[in-house]
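Welcome! Let's look at this structure together and ask how each label attached to it is earned.

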Amino acid sequence: MTARTDIRLSLRMKYCLLFAVPFLIYLQVVSFDFSFHDDDIMILESADKLRTFGIDDFLFTDAWMRKAEIELYRPLQSMTYALDYRIAGIKPGIYHLHNLVVFCFSVLLIFTLLLRIGFQETLAFWLSLFYAVHHLMVHVVCWIPARGDVYLVFWGMSGLLAFHHGWKHGKITWIIVAVLCYFFALLSKESAVTLPLLMLLWGWYEGQWKRRHRVIVFAILLLGLVTAAYFMLRHDAVLRTEFVGLSSLKYNAPTLPEEVFKFYIPAFFSVMPGFKTPVTLIGVGIIGGLALLTWWLRKKIYLGRIMLGIAFFLITLLPSVMYKPVFAGYAYDYIDHRMFMNGIGLLIFTGEWVRFSIGAFGLRAWTAFLAMIILQAAMTVHYAGVYKDFETYYQNAVTTNPRSGFALYNYAILLSARKQQYDEAMYWLDKAAALYPREYMYQKGKATVAYQMGDFESMARIAENMISSWPHVHFGYLFMGMYHLHHSNYEDAVHFLSRAIERNPNDADGYANRAKAFQALGNHAAAIKDWDKVIEMNPHYAEAYYERGNLYGNLQDYKKALSDYDRYVSLRPQDPRGYFYRGQAYCLIGKKDWGYRDLQKAALLNAGDDAQIMRVARQLCR
């Protein structure tokens with residue numbers, strides 16, 4: 001075996017270890033549940049869209065797969081959720097495994113990047129391993145909605161490496177590959193818009209600016225066209241935001257020192273961090289100390305690599321700090337999963353200092369660095385458990401950020417809906433209401449919990465208070481309408497639900513509840529009109545097709561009823577009711593063989609009344 005073959009085998013082994021080590025450390029994540037922070041909206045509530053895999057549901061909607069409700073655009077993320085759904089439905093393990101696998105491949109690309117910018121192979125390996133087991137990466141691997149970040153790094157690093165190769169060797173094909181990777185990175189997360197700057201920055205670092213001008217001009221034109229196409233796709237899919245600019249930069253300024261602090265010190269782990277003065281000040285101290293050290297030893301280090309790392313960190317961080325979400329402070333100030341991309345810059349910066357320290361202190365520096373890797377791995381295994389279910393997730397959130405109204409509200413609603421811990425839920429909602437007495441959503445939460453308890457009198461009292469305190473908000477009227485609907489006061493229900501719809505004509509629940517009230521009053525035309533509106537607003541609202549199908553059936557319009565039951569069956573293939581009523585509709589329009597098959601299917605799926613179902617089959621389809 002030649003020396004050259006030995007080196008290749010050694011490099012291959014390093015790649016294998018860089019995949020295997022984080023995979024094994026994070027493998028526990030496959031047994032974790034959803035966190036019920038955005039993943040419930042993107043997967044559980046969007047299951048019908050994921051099942052049908054309509055390209056419009058991904059490419060022309062926001063990150064929640066809704067039409068312009070939030071300002072985030074993540075079509076590639078949504079498409080990958082649909083692929084996971086095809087494999088395992090709504091079982092969370094496959095979604096966690098997907099994040100983990102792409103994360104591990106991204107680590108390999110980061111290793112390749114470190115090699116390309118000049119780090120010695122062994123040092124690049126240990127730096128990549130340090131990053132792979134870093135405690136901040138827990139958020140990327142374990143939080144399913146961080147899917148956009150893992151693909152941002154995967155496609156972003158692929159694009160950077162392809163661009164570097166194409167520019168260096170004058171290969172247009174590799175430039176085209178790089179631009180395609182850039183486009184996929186954009187579809188993964190908006191922060192990818194900084195990638196062209198990183199590509200040019202790397203060219204400056206390697207002194208490529210004086211070479212291959214035609215290649216770089218071609219690349220810039222292509223990158224510009226792709227960026228323009230991306231913004232055209234994004235334009236109507238997301239909510240417009242006014243929270244981008246210098247005021248946001250000023251508010252988010254503590255993000256920089258806090259992320260630097262967390263990169264070097266594995267403390268203050270939070271799934272929903274808020275700015276903390278001690279963390280900010282220590283972070284500023286770390287930055288100041290490193291700046292002084294860099295200046296003092298500037299002739300003994302590769303200053304270009306130091307500047308490359310700093311620039312990489314700041315450029316990739318810029319989109320996050322220029323954007324202030326409407327919920328900033330009220331929910332959290334920043335989220336650490338963003339550091340998967342940003343932290344590569346700090347890794348390059350740190351790598352140069354590790355290289356210098358090894359040269360200056362030898363074995364002692366190696367020992368200290370390996371101890372840091374072991375410590376990070378241990379903290380990662382420990383912190384990953386925070387994501388195992390919604391209870392541990394939100395317990396961390398409300399403990400580390402006790403003023404997060406968002407965390408308090410979500411935790412309470414989940415305790416009520418999923419654990420039936422109503423008193424505990426009310427405790428957290430009361431706590432949130434005391435912190436934010438002018439916010440109506442906590443009263444909305446208390447009304448929701450009362451409804452889940454079946455305590456309609458308490459729900460009505462809360463609704464009356466909401467109407468009195470926030471007359472412009474529709475929730476009070478909605479809950480009052482639901483109260484009267486439950487007590488069969490259908491005319492009062494229509495009155496309150498109509499007022500709710502006047503205040504918020506975009507809430508499908510108002511139309512759905514009013515449709516039920518109209519139906520009970522015998523006003524089938526009005527009920528159908530409201531169900532039409534529900535379906536227009538949400539074409540995947542399965543129950544709307546079922547209820548409208550029943551109404552058409554009552555009106556003996558069996559062809560329309562059949563169309564609605566057909567849609568309901570496609571959305572709820574395991575519900576025997578769809579087959580039962582569709583089978584009857586088939587029989588009533590003369591397609592008795594099809595109807596009999598549907599009724600047999602209903603009997604097969606039904607656990608109790610299969611004999612009654614087959615009696616209907618014999619009567620209608622004989």
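Q: What does contact mean when two helices are said to meet?
A: Contact means that heavy atoms lie within 4.5 Å. In this predicted model, L256, P257, E258, V260, F261 and Y264 of helix α14 meet V279, T280, I282, G283, V284, I286, I287 and L290 of helix α15. Sorted by class, the contact of α14 with α15 has 11 nonpolar, two polar and one charged residues.

Q: Why are α14 and α15 called roughly perpendicular to each other?
A: The label depends on the angle between their axes. Helix α14 covers residues 255–264 and helix α15 covers residues 277–296; their axes come within 7 Å and cross at roughly 80°. Angles of 65 to 115 degrees count as roughly perpendicular, and therefore α14 and α15 get that name.

Q: What makes V381 partly exposed?
A: Its relative accessible area is 43%. Buried would need under 20% and exposed over 50%, so V381 falls in between and is partly exposed. You can find V381 in helix α18, residues 363–384. Setting aside neighbours within four places in sequence, V381 is in contact with I25 and Q28. As for R418, 37 residues apart from V381 along the chain, the two C-alpha atoms are separated by 27 Å.

Q: How do you know that C142 is not in a disulfide?
A: A disulfide needs two cysteine sulfur atoms within 2.5 Å. The closest cysteine sulfur to that of C142 belongs to C104 and is 11 Å away, which is too far for a bond. C181 is in no disulfide either, with the nearest cysteine sulfur, that of C104, 19 Å away. By this rule the count of disulfides comes to zero.

Q: Why are C142 and C181 called buried?
A: Buried means under 20% relative accessible area. C142 has 2% relative accessibility, so C142 counts as buried. C181 has 8%, so C181 counts as buried too.

Q: What makes a group of residues a nonpolar core?
A: The residues must be buried, of nonpolar kinds such as Val, Leu or Phe, and joined through side-chain atoms within 4.5 Å. The largest such core here has 148 residues, and those with the most contacts inside it are F103, M157, I344 and Y387. Helix α6, residues 92–116, gives the most to this core, with 13 residues. Apart from it lies another core of 50 residues, including I467, L478, A542 and A561.

Q: Which residues is I344 in contact with, leaving aside its neighbours within four places in sequence?
A: They are I110, L113, Y131, V153, M157, F312 and M339.

Definitions and conventions:
Residues numbered from 1 in each chain as written. Predicted model: local features only at pLDDT ≥ 70, side-chain atom pairs only at ≥ 80, totals over all residues. Heavy atoms only, no water. Buried < 20%, exposed > 50% of the residue type's maximum accessible area, 1.4 Å probe, protein only. Helix = DSSP H or I, 4+ residues; strand = E, 2+ residues; numbered from the N terminus. Axes fitted to C-alpha atoms, helices over the stretch in contact; angles between N-to-C directions. Parallel < 35°, antiparallel > 145°, perpendicular 65-115°, else oblique. Nonpolar A, V, L, I, M, F, W, Y, C, P; charged D, E, K, R; others polar.
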